Amino acid sequence: MSHNTWSERLTELGITLPPVAAPVAAYVPAVRNGDVVYTSGQLPLADGKLTHTGKVGAEVSAEEAKTAARTAALNALAAVDGLVGLDNIASVVKVVGFVASAEGFTGQPGVINGASELFGEIFGEVGAHARSAVGVAELPLGAPVEVELMVEVR
């Protein structure tokens with residue numbers, strides 16, 4: 001690979017990490033335990049506002065939700081970066097995605113691909129991860145998706 005650091009890779013891809021999103025309740029954005037950093041669930045916030053609201057399969061299309069999952073994943077990376085620095089990521093271990101789903105919507109995996117594909121673009125092989133994509137009734141603030149991330153760090 002031509003880049004030396006993940007920060008350089010982001011620049012190559014034209015991706016800018018957002019500022020760490022302020023928690024909406026009593027928790028911190030990310031915690032380190034040994035060689036693993038766990039993020040809190042991240043919403044698709046941009047400039048402090050949700051990019052989309054509503055349930056996927058009703059007010060929000062699967063494609064819009066996939067874009068929202070990518071935004072939430074960027075916020076998760078920002079939380080890791082804020083705690084330990086992006087360039088200390090050794091691998092993406094697990095992604096958990098929650099999708100506020102309208103009745104009958106079963107496309108949660110395709111929605112959470114918005115997060116998974118982002119990690120693949122940035123990290124290549126070390127971005128390969130275990131994952132869960134879960135349909136839920138409601139998410140905080142009416143968000144259509146929430147993404148949490150576990151990464152191994154150096």
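V24, Y27 and L141 come together as a nonpolar patch on the surface of this predicted model. Their accessible area together is about 280 Å². V24 sits in the loop between α1 and β1. Its relative accessibility is 46%, so V24 counts as partly exposed.

The loop that holds V24 leads to β1, residues 30-33. Follow the chain into the hairpin. β1 and β2 form this hairpin, with 2 residues between them. G34 lies in the turn and has a positive phi of about 65°. The strands run antiparallel, and 4 bridges join them. β2 covers residues 36-39. One pairing to look for is A30, whose bridge partner in β2 is T39.

A salt bridge also belongs to this part of the chain. R32 pairs with D35, and their closest N and O atoms are 4.0 Å apart. Is each partner buried or exposed? R32 has 39% relative accessibility and counts as partly exposed. D35 has a relative accessible area of 47%, so D35 is partly exposed too.

Now step back to the whole chain. The protein chain has 3 helices and 7 strands. Along the sequence they follow the pattern α-β-β-β-β-α-β-α-β-β. The radius of gyration is 15 Å, close to the 15 Å that the globule rule gives for 154 residues, so the chain is as compact as a globular protein of that length. The C-alpha trace spans about 45 × 35 × 25 Å along its principal axes. Of the 154 residues, 45% count as buried.

Next, the aromatic side chains. The structure holds 1 aromatic pair. It is made by W6 and F123, with ring centres 4.7 Å apart. Their planes stand at 75°, and the cut-off for this class is over 60 degrees, so the pair is edge-to-face. Which elements does the pair connect? W6 lies in helix α1, residues 6-13, and F123 in helix α3, residues 108-123. The pair therefore ties together parts that are 117 residues apart in sequence. W6 has a relative accessible area of 10%, so W6 is buried. F123 is at 1% relative accessibility and also counts as buried.

Helix α1 brings us back to charged side chains. Side chains of opposite charge can pair when their charged atoms come close. The count here comes to 5 salt bridges. Among them is the contact between R9 and E12, at 3.0 Å from N to O. R9 and E12 are 3 residues apart in helix α1, so about one helical turn separates them. E12 has 42% relative accessibility and counts as partly exposed.

Another of the salt bridges links two helices. The side chains of E117 and K66 meet at 3.1 Å, N to O. E117 lies in helix α3, while K66 lies in helix α2, residues 62-84. This pair therefore ties together parts that are 51 residues apart in sequence. How accessible are E117 and K66? E117 is at 39% relative accessibility, so E117 counts as partly exposed. K66 has a relative accessible area of 21%. The buried class takes values under 20%, so K66 counts as partly exposed.

Helix α3 thus carries partners of two contacts. F123 of α3 pairs with W6 of α1, and E117 of α3 pairs with K66 of α2.

How values were computed
Residues are numbered from 1 along each chain as its sequence is written. This is a predicted model: local features need pLDDT of at least 70, side-chain atom pairs count only at pLDDT 80 or more; totals for chains, interfaces and linings use all residues. Side-chain values use heavy atoms; hydrogens and water are left out. Rings of Phe, Tyr and Trp (its six-membered ring) pair if their centres lie within 6.5 Å; planes under 30 degrees apart count as stacked, over 60 as edge-to-face and the rest as tilted. Buried means under 20% relative accessible area, exposed over 50%, partly exposed in between (1.4 Å probe, protein chains only). Patches are made of residues with over 30% relative accessible area and no salt bridge: like charges are joined within 9 Å, nonpolar side chains (Val, Leu, Ile, Met, Phe, Trp, Tyr) within 5 Å. Accessible areas come from the Shrake-Rupley method with a 1.4 Å probe; for residues, only the protein chains shown count as cover. Two strands pair if DSSP finds at least two bridges between them. The radius of gyration is taken over C-alpha atoms; the globule rule is 2.2 Å times the number of residues to the power 0.38.
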